[in-house]
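These are my notebook entries on charged pairs and nonpolar packing. I begin with the salt bridges and then turn to the cores.

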Amino acid sequence: MSKTDTAIQVTGLQMRYGAHVVLDGVDFAVHRGEVLVLLGPNGAGKTTIIEILEGFRGRSGGSVSVLGSDPEHADEAWRARVGIVLQSWRDHSAWRVRKLLDHFGKYFGPYSTDERARPVGTDTLLQLVGLTDHAHKKVGELSGGMRRRLDVAIGLVGNPEVLFLDEPTVGFDPKARREFHDVIHRLADLQGTTILLSTHDLDEAEKLSDRILILAGGKIVANGSADQLRKEFSDQTEVIWTQDDQRHVHAGSDATTFARNLLAQHPEGITNLEIRNASLEDTYMTIVQTHETTPSQKEGKQA
Ligand code: ADP
């Protein structure tokens, strides 16, 4: 399968809840085999995008294609090619891990239209998500991190071409987070699965992604590998200062002029003035703050 094939295409995607504009013309594509991380603050609309792509949520406008079909009108054969990670099976706490995976595996097969859509065997799944040594355990005995990896294993039973993961590591301790990151790397490397994963953690986005999209103010405001984003914004400088016991930050390429004007306007009240190049994290914060209150969102919130 060629890396240049498009697995997901989103064009002009709009989503409103009443007067609240959440997505205001979102455009992006995901190539087959790519790990794309959708990064943005809480409330940016990441879950909304993922649920629209999964076919769980309608949209207000724009076009969306996942594996060549519109998720809103896709059939069961399409559904079998898309991995969705749900937690609803967790009621089965008395089931053993291996038994549960065997059980879900039996649901796959009838919709297979190509070789790739064969179910993944239970042993392979256990290995992929790092649960081989815990296969005999009851679901109720698993830690939170193990349970999340089992969520993913169940999402992978049908050997999906595309896997959606919505903030999969929320609430994880560092060890569970690292183990989960290993799962994603294995999936991308061994299975060639196209993965769209959302997070609000820049560090996680950097570790996992082939490419990062930053969602803020209802739009994709940055799109590139971590290195590309760093380069793209490297001419940004930050002016940081304290005034009336409050810390202020201004980001831009006009640092010297800005600092000069600031001191001219407030000859007495400025302390701790600092000018520095922005890191990727600083840049991310600035991008998000700048775009979080777009005119359309303000209108929506007031209405
Ligand atoms: P994220 O996943 O980035 O945290 P969400 O997609 O969950 O963001 O939510 C984006 C915005 O849409 C939030 O302001 C949220 O309150 C709003 N929202 C989400 N679902 C609904 C809904 N069913 N009805 C009304 N507003 C919603």
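**Entry 1. A pair across the sequence**

With which residue does Arg211 form a salt bridge? I looked this up in the model, which is predicted. The partner is Glu34, and the closest N and O atoms of the two are 2.7 Å apart. I then placed both residues: Arg211 belongs to strand S8 (residues 211-216), while Glu34 sits in the loop between strand S2 (20-31) and strand S3 (35-39), so the salt bridge ties together parts that are 177 residues apart in sequence.

Is Glu34 buried or exposed? I find a relative accessibility of 7%, so Glu34 counts as buried. Arg211 is buried as well, with a relative accessible area of 13%.

**Entry 2. Pairs within helices**

I next examined helix H5 (residues 144-156), in which Asp151 and Arg148 are three residues apart and therefore separated by about one helical turn. The two form a salt bridge, with 2.6 Å between the closest N and O atoms. Asp151 has 0% relative accessibility and counts as buried. Arg148, at 9%, also counts as buried.

I then turned to helix H7 (residues 202-208), where Asp203 and Lys207 are four residues apart, which again means a separation of about one helical turn. Their closest N and O atoms are 3.0 Å apart, and the pair forms a salt bridge. For Asp203 I noted 42% relative accessibility, so this residue counts as partly exposed.

**Entry 3. Network and total**

Which residues are linked with Arg32 in a network of salt bridges? I recorded Arg81 and Glu161. For the model as a whole, I noted a count of 16 salt bridges.

**Entry 4. Nonpolar cores**

I moved on to the nonpolar packing. How many residues does the largest nonpolar core have? It has 47, and those with the most contacts inside this core are Leu101, Leu150, Val152 and Ile214.

I followed Leu101 further and set aside residues up to four places away in sequence. On that basis, Leu101 touches Thr122, Leu125, Leu126, Leu150, Ala153, Ile154 and Val157. Apart from the largest core lies another, of 29 residues, which includes Leu13, Met15, Ile50 and Leu215.

**Entry 5. Points kept for reference**

I keep the pair of Arg211 and Glu34 as the entry that ties together parts 177 residues apart in sequence. Beside it I keep Asp151 and Arg148, a salt bridge set within helix H5.

Note on methods:
Residues are numbered from 1 along each chain as its sequence is written. This is a predicted model: local features need pLDDT of at least 70, side-chain atom pairs count only at pLDDT 80 or more; totals for chains, interfaces and linings use all residues. Side-chain values use heavy atoms; hydrogens and water are left out. A salt bridge is a side-chain nitrogen of Lys or Arg within 4 Å of a carboxyl oxygen of Asp or Glu. Helices (H or I, at least four residues) and strands (E, at least two) are DSSP runs, numbered from the N terminus. Buried means under 20% relative accessible area, exposed over 50%, partly exposed in between (1.4 Å probe, protein chains only). A nonpolar core is a set of buried Ala, Val, Leu, Ile, Met, Phe, Trp, Tyr and Cys residues joined through side-chain atoms within 4.5 Å. Contact means heavy atoms within 4.5 Å.
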